[in-house]
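I opened this structure for the first time today and kept notes as I went. The entries below follow the order in which I looked things up.

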Amino acid sequence: MAKIVLTLFALALILGQTNGDVNGGVNCERDVLHLVKPCSLFVLAQDPKPSEECCVGLQSLAKTAAASQSDRKVLCDCIKYLEKFGFVNYTKAKQLPQLCHFTAFMPIEPNPDCS
């Protein structure tokens with residue numbers, strides 16, 4: 001749990017300094033972080049299943065990503081950027097589309113290709 005808190009704290013500091021801007025001004029902290037943060041207890045820790053808040057956030061991102069290729073790329077770049085600051089368990093992360101009932105809009109792997 002301490003590792004999660006430290007990771008989120010470091011992420012907040014870094015994003016606060018950089019504004020988390022990726023791809024033409026999309027702000028990862030403002031537009032994405034609050035939607036994926038509830039998933040941290042599942043993908044970074046030992047929670048056996050994702051929270052409802054996590055699933056709702058991911059479903060929202062999947063809906064946005066489905067709107068256009070450019071939206072999908074921006075979201076992928078944001079999540080790729082955010083992943084750099086955490087210790088993601090990709091085995092658990094790959095379960096999220098099935099557990100939360102959404103279509104994955106990006107590769108769920110380290111350093112995904114967002115093109």
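**Entry 1: ground rules.** I call a residue buried when its relative accessible area is under 20%, exposed when it is over 50%, and partly exposed in between, using a 1.4 Å probe and protein chains only. By that rule, 41% of the 115 residues of the protein chain count as buried. I noted that this is a predicted model, in which local features need pLDDT of at least 70 and side-chain atom pairs count only at pLDDT 80 or more, while totals for chains, interfaces and linings use all residues. Residues are numbered from 1 along each chain as its sequence is written, and side-chain values use heavy atoms, with hydrogens and water left out.

**Entry 2: overall layout.** I took helices (H or I, at least four residues) and strands (E, at least two) as DSSP runs, numbered from the N terminus. The protein chain has seven helices and two strands. I read their order along the sequence as α-β-β-α-α-α-α-α-α. For contacts I required heavy atoms within 4.5 Å. Among contacts in the protein chain with a separation of 6 or more, 69% come from residues 24 or more positions apart.

**Entry 3: helix α4.** I checked the length of α4 (residues 52-67) against expectation. The expected span is 1.5 Å times one less than the number of residues. For the 16 residues of α4 this gives 22 Å, and the end C-alpha atoms are 23 Å apart, which agrees. Which residues of α4 are buried? I listed C54, C55, G57, L58, L61, A62 and A65. Seen down the axis of α4, these buried residues fall within an arc of 160°, so they line one face of the helix. The arc is taken from the directions from the helix axis to the C-beta atoms. On the face turned away from the buried side I found the exposed residues E52, E53, K63, A66 and A67. The buried residues of α4 pack against α2 (28-36), α5 (69-83) and α7 (96-100).

**Entry 4: helix α2.** I then turned to α2, one of the helices that the buried residues of α4 pack against. Its own buried residues are C28, V32, L33, L35 and V36. Viewed down the axis of α2, they fall within an arc of 165°, so they line one face of the helix.

**Entry 5: charged pairs.** Side chains of opposite charge can pair when their charged atoms come close. I counted a salt bridge where a side-chain nitrogen of Lys or Arg is within 4 Å of a carboxyl oxygen of Asp or Glu. How many salt bridges does this rule give? The count comes to one. It joins the side chains of K73 and D77, at 2.9 Å from N to O. Both residues lie in helix α5, four residues apart, about one turn of the helix. K73 counts as partly exposed at 32% relative accessibility, whereas D77 is buried, with a relative accessible area of 14%.

**Entry 6: a lysine without a partner.** I looked next at K92, which lies in helix α6 (residues 90-93). For charge, I counted Lys and Arg as positive and Asp and Glu as negative, leaving out His and the chain ends. K92 is buried yet has no salt bridge, and D47, the nearest side chain of opposite charge, is 6.9 Å away. What does the side chain of K92 reach at 2.8 Å? I found the backbone oxygen of D47 there. Not counting residues up to four places away in sequence, K92 touches F42, A45, Q46 and D47.

**Entry 7: C78.** This residue is in helix α5. At 0% relative accessibility, C78 counts as buried. I noted that the C-alpha atoms of C78 and E29 are separated by 8.7 Å, with their positions 49 residues apart along the chain.

**Entry 8: after α7.** Is F102, in the segment after α7, buried or exposed? At 13% relative accessibility, F102 counts as buried. Leaving aside neighbours within four places in sequence, F102 is in contact with L58, Q59, A62, L96 and P97. H101 is also found in the segment after α7, and it counts as exposed at 66% relative accessibility. H101 has a positive phi of about 60° although it is not a glycine. N111 lies in this segment too, with a positive phi of about 50° although it is not a glycine. At 60% relative accessibility, N111 counts as exposed.

Methods
Polar contact = N/O pair within 3.5 Å; in protein donor to acceptor, adjacent residues only side chain to side chain.
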